[in-house]
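Trainee: I would like a close look at a single part of this protein, one strand pairing and the sheet around it. Please take me through it, then add whatever else helps to place it.

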Amino acid sequence: MIRHLLVAIALLAVAAVRQASAEAQKTVEPLPPPLRFDRLGSADGLPNNDVRAIVQDRRGFLWFGTQEGLVRYDGTSVRVYRPRENDPTSISAGYVTALAVDPTGKLWVGTPESGVDLYDPDTGRFTRFTHGDKSGLTSEGVTAIARDGRDRIWFAMSVGGLNRFDPATRTFTEYSSGPLETAITAIDIDKAGNLWLGTASDGAIRWNPDDGSTATYRPTPPDGGPSTAPITALLASSSGKVWIGTEGDGLFAFDTASRKFTRYRHLTNDPGTISDDHISALFEDRHHTLWIGTVHGLNRMDVPNDLTTLAASGVESLYQDEGGVIWVGLFTNGVCKFDELRMKFGHYRTRSNPATAYYEDPDALWVGTYDGGIYKYEFEAQRQTVYRSLGTDSAISLDGWITALLRDHRGILWVSVKGKGLIAFDPKTEARREYLPDPKKPNGLPVDTIWDTWEDDRGSLWLASWGGGLVRLDLQSDQFTAFTADQSTGLSSNYLFDITTNTGTSFRHRAEDPTSLGSDDVLSIHRARGGAVWAGTYGGGLNRLDPATGKVQRFTSANSRLPNDVVFGVLPDDDGKLWLSTNGAGLVQFDPRSAEVVVYHASDGLQDDEFAQASFRRMKSGKLLFGGLGGFNAFSPRDITRDPYVPPVVMTGFKVFNQEVRLERPIWTLPSLDLSYSDSFAYKLEGFDDKFIETDRPFATYTKLDGGHYLLRVRAANRHGVWNEAGIALKLSVAPPLWRTWPAFGFYVLVLAGAVYLLFRMQQQKVRRIEREGRLAVVERDLALSGAVQSGFLPEYNEINSQHVHLFGFYRAADACSGDWWWHELIGRRHVILVGDVTGHGPGPAMVTAAVATAFRVLTGSGLADVKQALELLNQVVLHVAKGKYHMTMSALELDEQTGWWVAHSAGAPPILSLDQSGKHRVHFCPGSPLGTESTFEIGRIEGRLTPLAFRTDLRAHAQSGPQGRGRRDRPARGSDPAGQAPDRRLDLHLDRVEG
C-alpha cells in the first residue's frame, strides 16, 4: 500500500513542477451506435430519390416505386420503367405509391392518379386498370396494396373504400359502405384475416371481409384524449399488437386483448425514445423486431438511441428481402440498405484514424490510434472520451502511432507512442509522467519505441522494445533493466514485438524446406490448448507450429482458401476457430480441424477490408477486437453466422457485338435463344467450356463461337460462398457466318475442284512442253548435285602429255547427269586408261560411277598388277551397289610408252577406233560382258601397236577427229541428233603417239 502511495505522489510531484505548455485536449460525447447503411441513389441510376414503396418478386428482383418511374434492381444495376407514348403495354404513370406481388408472381403497381397496373414478368408488359373502364376500379388514386392469407389482393383508395381484384373475371369489387367510406391511408392484415385500415380522420378500422364486421379505434393515450392526427402507418404484429403511426402524435401500440393503447413519443433529452413524432413507416422483421421510420431517422424498438448513420432522415418505406436485408426508402435520398450482420460486427469509428492498440478495463475499453489519440469507450454509460493529449498542465500530445496500452493494478494507464517513449497517466487525477531515453541515466529507458507491455505478478512492467531488447521497469525503484541478445539471456534479437510466447524451439524460414516457417516476419502468435502454436506471418500466411517436432504446416492462398498471405492478427473463439485479420482481404474465420475458411468483408460490417498491424485483442467476455483504417470491430464470434441464403440467379440481358438484344419478352422466359453471327458467379457454356468459370462480374462474354447449339449454365454464391448449385440454364443456337454455312462449304468444294482440275490441266501442258523441249531443261536442275559428284571423280585435266604419248578427252554436254567416266593412271612406264559408262541417267548411275571410281583408286593404291583381275573385282562392286538395276560398260587400255604396244580389255564397251597415216579409221571390235553381270562375266581382249586411238562411251557416231576436239566442251544445236532423241552425255578419249 505504501508503495502505491509513493508512486502516486511522484506522479503528482512531476506534474506540479512542469510548466504549462499545452492545454489538455479531452472531449466527452455520446457513443455513436455501430450501425451503418449502404445507399442507392440517383448516382446509381435511380430516376428520383423519393422512394415510396419497396417489394421483392419471386425471382429476387427488388422493385422501388419513385415519383419518376418504377425501378427494378438486380443487385448491381437498375432498370427504370416509365410511360411510353402510344404504348398501352407500358406503365401508366411514373409516380408509384404502392407495390405488391400476387400469387402468380405478377407485380401490382399503384399510382396516385392513373389507377393500378399489373406487370407480367413473363411477357415484360403492363396491363392498365383505370377508373371508368370495364374493370370496375372505383377511383384513380391507390394509397396502399395488401395481400391476405387467401391470396386476395386489396387496394386502398384515396377517395375512400377498398377494391378487391378477382383474377377469374379480371374485374374489381368495391367495398365502401359504412365506416369504409373514409379515405384509407394504410392497410395491414392480422393472423385472423382481419384487415386493419388506417384513415386520415377516423382512426383505425378493423374489418372482417368474410362476415363484414367492423370496429373503429381512435388512438388514445392513457393520460389524454383521443388523437386526431392522421394515421400514416399501420402494422398488425406477430405478437397480436397493432402498431399505429401518426402524423405528429407519435407511435401507438394497441393491445387487442385489453383494448388499451400505449403511446411512444420523442423526448428531446432522452436518447432512448423515438427520433420524431411524425411516423412514416412501420415494419416487423423476421426476428420480430419493430422498425420505425420517421421524418428524422430510423428506429428499432427496444434498442435505445438507434437513430444511426442513415444517409439522411425522412423514411418513406421499409422492407426486408429474402436474404434478411432491410431496405429503407427515403424522402429525398434514395434507398438505404441495412444488413443485420453489420450490427453484429459492432463497427466503431475512431474518426479517420486507424485503431492500433487496446486495453480492457472492467468498465471501459481503451483504444489507441494512429495520430488520433486515445479513445475511452464506456458502453454501459453510452459515452466515449477522446484524449488528444495527456495531462492538465504541460499536456503531452498524443500525435503519432500508439503502439501499446496497459493499465496496471493501481489504475495507472501506460501509453507507448512510437518514437516518443513511455507515458504513465492517471485517469482519475489526469496527472502524467513521461519516460524518454537519457544517456545520462544508466538505469533509464534504453530506447524510445515500445511495442508491447505486460505486468507480472510482482508488479513489475515488462517492455518489448525496438532495439533495446526486453526491458523491465521496477515500479518501486523506478529503474529500468534491459536484457539484450548480447548477454546470456537466451534472446535471439533486441527487436521484440511480443514477449508472451516462449516455446523453447527455434522456428526459422528455410526456402528449401516446406515444413519450415513460412516467413521470418512473424506478426502474431496464438498458443492453442493442445500445445500447437499458430503464427500469423507477413507473406507466409498462417503457420501451425509443432513445438515437439519443430515442423510447420503452412496455410497460404496457394494451398488453401486463405485470401491473403499477410496475417496481422490471430485470435481464438470459444468454439476453437481462429479469426485472422489480413492486409486488404477482410477478416477470416478459420477452422483448424477442417481448414474451412469463411471470409467477411467491409460489406458485412467490417471497419475495412484492410486491417492494421498489432491491432487485435480478445476481451475477457470473449469478444474479439480487430482494428484498421476505419476504426475497429468489437463482436462476439457466436453472433457471427454464415449467411445461409441461397441467392436466385436470373439472366437480365443479352448482348451481341456489345449491343443489347431487344427481345419480345424477358430473357428468362425463353426456352432457347437464337443468335445471329453479325457477391460471385460461375458460368459454363457446355460445348465450349470444360468447367465452370468463377468470377465476381455479373456478366459473361464469349467471342469466336462456332455455329451450333450450346447450353449456358450460370450459378451464383452469396457473400459467404453459399452457392446456388442449381442455377439457371439457357439454350443458345449460334448461327455460323455466311462463309461457314453448308452452301458456302459446297461452293468452296466446287471452287477447289475447279482449281484442282485447272492445275491438273496446266501441269499436263507443262509436262508436254517439257517433253517437247527435251528432258535436259527439267532434269538438269534436279540432278545438279549428282553431276557435281560425278565430275569429282574425273581427272583434273583433260590433256595428259608425256614423252611419247599425248592423251586428251572432251565431253559433250547432256541434259542429265549419267555414269560417263574415264581415268588415267601411270604405273611405272605403263599407262592404264579406263573409259566407262553406266546405263541410264540420274543419281543412280552417278552413285554406281562413284563406287567404281572409288574402288579403282583403292586398287591402284594397292598396286594394280592385272587389269583383267581389276575388272572382275569392279564387276563385284557394281553388283553390290546396283543390285542388278544398273550395268556399266568399261574399256580398259594398258599402254607401254616405250614400245607403243597396247592391250585393250572390254566389258561390254563400244568398239575402239584407230586411224592410219592417211586418216582412214579402223573399227576394233572387242566383245565382253558389262560390269554388273551376275553370271558368266566375260572380258574381251585385243592388242596392237599404238596409232591414234579413240575411245567413246556411246555407240552413236559423231564426226570428231584429232586435235579439233581437244580439251573443249561442245553443246550441239537442239535437234541435231539424227535419231530425233535428246543427246546423251558422251565422253570421247583420244590417244596419239608422239614421236620423240
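Mentor: Start with one pair of residues: W579 has Q589, in strand β50, as its bridge partner. The model is predicted, so this and the rest describe computed coordinates. The strands involved are β49, residues 578–582, and β50, residues 587–590, which pair in the antiparallel sense over four bridges.

That pairing belongs to an open sheet of four strands, in the order β48-β49-β50-β51, and the pairing is antiparallel. At the edges are β48 (567–572) and β51 (597–600), each of which pairs on one side only. From one strand to the next, the twist averages 20°.

Elsewhere in the chain there is a nonpolar patch on the surface. L738, W739, W742, F745, F747, Y748 and V751 make this patch, which covers about 880 Å². One of these residues, Y748, lies in helix α3, which spans residues 742–773. Y748 counts as partly exposed because its relative accessible area is 37%, a value between the 20% and 50% cut-offs.

Finally, the cysteines. A disulfide is a covalent bond between the sulfur atoms of two cysteines. A search of the whole structure finds zero disulfides. Two cysteines can be described by their burial. C336 has a relative accessible area of 0% and is therefore buried. C926 is also buried, because its relative accessible area of 10% falls under the 20% cut-off.

Conventions:
Residues are numbered from 1 along each chain as its sequence is written. This is a predicted model: local features need pLDDT of at least 70, side-chain atom pairs count only at pLDDT 80 or more; totals for chains, interfaces and linings use all residues. Side-chain values use heavy atoms; hydrogens and water are left out. Patches are made of residues with over 30% relative accessible area and no salt bridge: like charges are joined within 9 Å, nonpolar side chains (Val, Leu, Ile, Met, Phe, Trp, Tyr) within 5 Å. Accessible areas come from the Shrake-Rupley method with a 1.4 Å probe; for residues, only the protein chains shown count as cover. A salt bridge is a side-chain nitrogen of Lys or Arg within 4 Å of a carboxyl oxygen of Asp or Glu. Helices (H or I, at least four residues) and strands (E, at least two) are DSSP runs, numbered from the N terminus. Buried means under 20% relative accessible area, exposed over 50%, partly exposed in between (1.4 Å probe, protein chains only). Two strands pair if DSSP finds at least two bridges between them. Axes are lines fitted to C-alpha atoms, for helices over the stretch in contact, and angles run from 0 to 180 degrees between N-to-C directions. A disulfide is a pair of cysteine sulfur atoms within 2.5 Å.
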